[in-house]
Amino acid sequence: MKGLIVKNEKINEKYYNLEIDCAKFALQAKVGQFLMIKPTLQDYVTDPLLRRPLGVADVQGTRFRLIYMVVGKGTKLLSECGAGNEIEFSKPLGNGFKLEKNKNIALAAGGIGIAPIFWLAKEMRSNGCKVTLFYGGRSVNDIVLSSELSNNCDELVITTNDGTLGTKGLVTEPMKEGLNSFDKVFACGPKPMMKAVSELAVSKDVACDVSLDERMACGLGACLGCLIYVKEGNETVQKRCCVEGPVFDGSTIIWD
Ligand SMILES: Cc1cc2nc3c(=O)[nH]c(=O)nc-3n(C[C@H](O)[C@H](O)[C@H](O)COP(=O)(O)OP(=O)(O)OC[C@H]3O[C@@H](n4cnc5c(N)ncnc54)[C@H](O)[C@@H]3O)c2cc1C
Ligand code: FES
């Protein structure tokens with residue numbers, strides 16, 4: 001697919017907000033899905049050869065939004081793609097989150113894991129859920145869009161490792177108390193954080209779905225580069241994160 005870049009703005013030193021107009025994509029996308037985006041505007045590029053996976057952070061009308069962190073060559077090049085240009089990307093991929101109705105929901109986001117959680121908070125809210133968002137980052141610069149977020153959830157609890165915003169400590173700390181009052185938890189962030197959230201939810205007997213950011217080459221189920229292991233009954237089975245995921249029941253994942 002192709003779409004027109006409407007905005008590609010720096011949020012802060014690390015994070016960008018990219019808005020693309022493409023009615024076909026916006027119509028098809030479901031919350032929790034991702035795309036594989038070509039991170040340059042040039043027709044023929046061999047470096048980077050592969051498209052990059054990014055979670056869909058919101059859809060409004062014919063436009064959709066991506067929130068990304070510049071970490072390497074692909075995301076650096078993407079940050080240089082200006083508004084008014086056409087950019088190429090895949091159709092919406094992956095299974096997405098299963099939405100709940102009229103439930104008490106805890107969302108946990110770590111760093112750039114906020115991207116799919118942003119849209120999830122909005123959708124859960126419009127489905128009548130009470131949404132509490134636990135949002136953690138290393139530092140103040142890892143917490144973005146907090147005013148938009150507070151409008152889209154009932155409670156926003158911020159933590160930073162260095163205490164530069166919100167409560168000092170890990171995002172799991174404030175979740176420990178009262179987690180069993182929630183009907184379900186959804187998480188996205190670094191693997192150790194999702195593992196901790198998932199284990200905490202299991203210990204409190206609360207269901208927890210996690211969206212995994214495994215490294216992906218094709219995004220289409222062909223290269224087997226994104227395999228993870230999950231428990232199915234007494235068996236351990238492999239799953240392709242790009243096709244069977246990226247959202248999995250956290251209690252089934254073999255994390256190590
Ligand atoms: C389903 C899915 C959704 C994602 N959604 C988002 C999103 O919404 N916003 C966002 O900013 N990022 C997201 N990511 C991660 C993003 O795809 C990578 O950061 C990006 O591909 C890095 O490309 P690069 O060329 O800039 O960096 P590279 O040069 O490829 O790598 C730079 C550094 O980043 C590390 N890295 C690359 N990919 C990943 C990854 N998947 N997980 C952890 N570390 C990685 C590398 O090990 C290396 O240290 C998502 C990944 C997946 C699989
Ligand atoms: S990224 Fe190729 S199979 Fe998942």
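Visitor: By class, what kinds of residues make up the shell around ligand 1?

Guide: Keep in mind that this is a predicted model. The shell around ligand 1 has eleven nonpolar residues, along with four polar and five charged ones.

Visitor: Which of those residues come nearest to ligand 1?

Guide: Being part of the shell takes a heavy atom within 4 Å of the molecule. There are 20 residues around ligand 1, and Arg52, Pro53, Gly74, Thr75 and Glu214 come nearest.

Visitor: Where does ligand 1 sit?

Guide: Look for the largest pocket, since ligand 1 sits there. Three elements each give two or more residues to its shell: strand 4 (52-55), strand 6 (63-69) and helix 2 (73-79). Strand 4 gives the most, with four residues.

Visitor: How do I read a polar contact, and which backbone atom of Asp213 is involved with ligand 1, a polar or a nonpolar one?

Guide: Look for a pair of N or O atoms within 3.5 Å. At Asp213, a polar backbone atom is 2.8 Å from a nitrogen atom of ligand 1. Gly55 also puts a backbone N or O atom 2.9 Å from a nitrogen atom of the ligand. With Met69, the partner is an oxygen atom of ligand 1, and the backbone N or O atom lies 2.8 Å from it.

Visitor: How much of ligand 1 does the protein bury?

Guide: Picture the ligand by itself to begin with: taken alone, it exposes 880 Å². The protein buries 75% of that.

Visitor: Now for salt bridges. How many does the structure hold?

Guide: The idea is a side-chain nitrogen of Lys or Arg within 4 Å of a carboxyl oxygen of Asp or Glu. This structure holds 19 of them. In one, the side chains of Asp58 and Lys122 meet, with 2.9 Å from N to O. That pair links distant parts of the chain: Asp58 belongs to strand 5 (residues 58-60) and Lys122 to helix 3 (residues 114-126), 64 residues apart.

Visitor: What about the backbone: which residues does a cis peptide bond join, with omega about 5°?

Guide: That one joins Asp47 and Pro48. You'll find Pro48 in the loop between strand 3 (34-37) and strand 4. Gly245 and Pro246 are also joined by a cis peptide bond, with omega about 10°. Pro246 lies in the loop between strand 15 (235-240) and strand 16 (247-249).

Visitor: And what is the phi of Asp205, positive or negative?

Guide: Positive, at about 65°, although Asp205 is not a glycine. To spot Asp205, go to the loop between helix 6 (191-203) and strand 13 (207-211).

Definitions and conventions. Residues are numbered from 1 along each chain as its sequence is written. Chains are lettered from A and ligands numbered from 1 in the order in which they are written. This is a predicted model: local features need pLDDT of at least 70, side-chain atom pairs count only at pLDDT 80 or more; totals for chains, interfaces and linings use all residues. Side-chain values use heavy atoms; hydrogens and water are left out. A polar contact is a pair of N or O atoms within 3.5 Å; within protein, one must be able to donate a hydrogen and the other to accept it, and residues adjacent in sequence count only if both atoms are side-chain atoms. Accessible areas come from the Shrake-Rupley method with a 1.4 Å probe; for residues, only the protein chains shown count as cover. On a 1 Å grid over the protein atoms alone, a cavity is a set of points where a 1.4 Å probe fits but cannot get out, and a pocket is an open set with protein on both sides within 12 Å along at least five of seven lines; lining residues have an atom within 4 Å of a point. A molecule sits in a cavity or pocket if more than half of its atoms lie within 2 Å of its grid points. Ala, Val, Leu, Ile, Met, Phe, Trp, Tyr, Cys and Pro count as nonpolar, Asp, Glu, Lys and Arg as charged, and the others, Gly among them, as polar.
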